[in-house]
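Got your viewer open? Load the model below, switch on a cartoon with side chains at hand, and follow along stop by stop.

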Amino acid sequence: HYPLRRQRQMCIRDRFYLMSRGIAMADARRLVVRGFFNEIVSEIGNEEVQNRIMDRIDAELEKAAHNG
């Protein structure tokens, strides 16, 4: 579980860094999550598939932001 714990610590650190730059908590969280997924999705190697997956992730993040 160490890699997951380390990833979580990095996400928290990144989120607070963004917040210290004036970005709202919800926006900072969304940016960090999107960045995490983008790193994974970029390994697919097919731009069309990558774009479709990221569009879906963006839609889910937007929906989550509106649902609290």
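In which helix is the place of Arg30? Select Arg30 and you land in helix H2.

Before going on, some housekeeping. This is a predicted model, in which local features need pLDDT of at least 70 and side-chain atom pairs count only at pLDDT 80 or more, while totals for chains, interfaces and linings use all residues. Residues are numbered from 1 along each chain as its sequence is written, and side-chain values use heavy atoms, with hydrogens and water left out.

**The overall view**

Zoom out and colour by secondary structure. You get three helices and zero strands, where helices (H or I, at least four residues) and strands (E, at least two) are DSSP runs numbered from the N terminus. Along the sequence the pattern reads α-α-α. Colour by accessibility next: of the 68 residues in the protein, 13% are buried. Buried here is under 20% relative accessible area, exposed is over 50%, and partly exposed is in between (1.4 Å probe, protein chains only).

**Back to Arg30**

Arg30 counts as partly exposed, at 24% relative accessibility. Add Ala65 to the selection: 35 residues separate Arg30 and Ala65 in sequence, but their C-alpha atoms are 8.2 Å apart in space. Leaving aside neighbours within four places in sequence, Arg30 is in contact (heavy atoms within 4.5 Å) with Leu61 and Ala65.

**Along H3**

Now select residues 47-66, which form helix H3; while you're at it, give residues 25-41, helix H2, another colour. Does the length of H3 add up, or what should its 20 residues span at 1.5 Å a residue? The expected figure is 28 Å, and the end C-alpha atoms are 28 Å apart, so the two agree. (The expected span is 1.5 Å times one less than the number of residues.)

Show the side chains of Gln50, Met54, Ile57 and Leu61, the buried residues of H3. They sit on the same side of H3, because they cover an arc of only 60 degrees around the axis; that arc is taken from the directions from the helix axis to the C-beta atoms. Their packing partner is H2. Spin the view to the other side of H3, and the exposed residues there are Glu48, Arg52, Asp55, Arg56 and His66.

Pause on Gln50, a polar name in that buried set. Its relative accessibility is 18%, so Gln50 counts as buried. Apart from neighbours within four places in sequence, Gln50 is in contact with Val41, Ser42, Ile44 and Gly45.

Then slide to the N-terminal end of H3 and pick Asn46. Asn46 caps that end, with a side-chain oxygen 3.1 Å from the backbone nitrogen of Glu48.

**The salt bridges**

How many salt bridges should you be looking for? The count comes to six, with a salt bridge being a side-chain nitrogen of Lys or Arg within 4 Å of a carboxyl oxygen of Asp or Glu.

Start with Asp58 and Arg34, whose side chains meet at 2.6 Å, N to O. Asp58 lies in H3 and Arg34 in H2, so this pair ties together parts that are 24 residues apart in sequence. Both ends are partly exposed: Asp58 at 26% relative accessibility and Arg34 at 31%.

Next, pick Lys63 and Glu60, a salt bridge at 3.5 Å, N to O. These two are three residues apart in H3, which means about one helical turn separates them. Lys63 is partly exposed at 46%, and Glu60 is partly exposed at 33%. Add Arg56 to the selection, and you have a network of salt bridges linking Arg56, Glu60 and Lys63.

Move on to Arg13 and Asp14, whose side chains form a salt bridge at 3.9 Å, N to O. Arg13 is exposed at 54% relative accessibility, whereas Asp14 is partly exposed at 32%.

**Last stop: Arg15**

Finish in helix H1, residues 2-20, by selecting Arg15. Is Arg15 buried or exposed? Arg15 is buried, yet has no salt bridge. The nearest side chain of opposite charge belongs to Asp14, 10 Å away; for that test Lys and Arg count as positive and Asp and Glu as negative, with His and the chain ends not counted. Show what surrounds it: beyond neighbours within four places in sequence, Arg15 is in contact with Met25, Ala28, Arg29 and Val32.

Notes
Polar contact = N/O pair within 3.5 Å; in protein donor to acceptor, adjacent residues only side chain to side chain.
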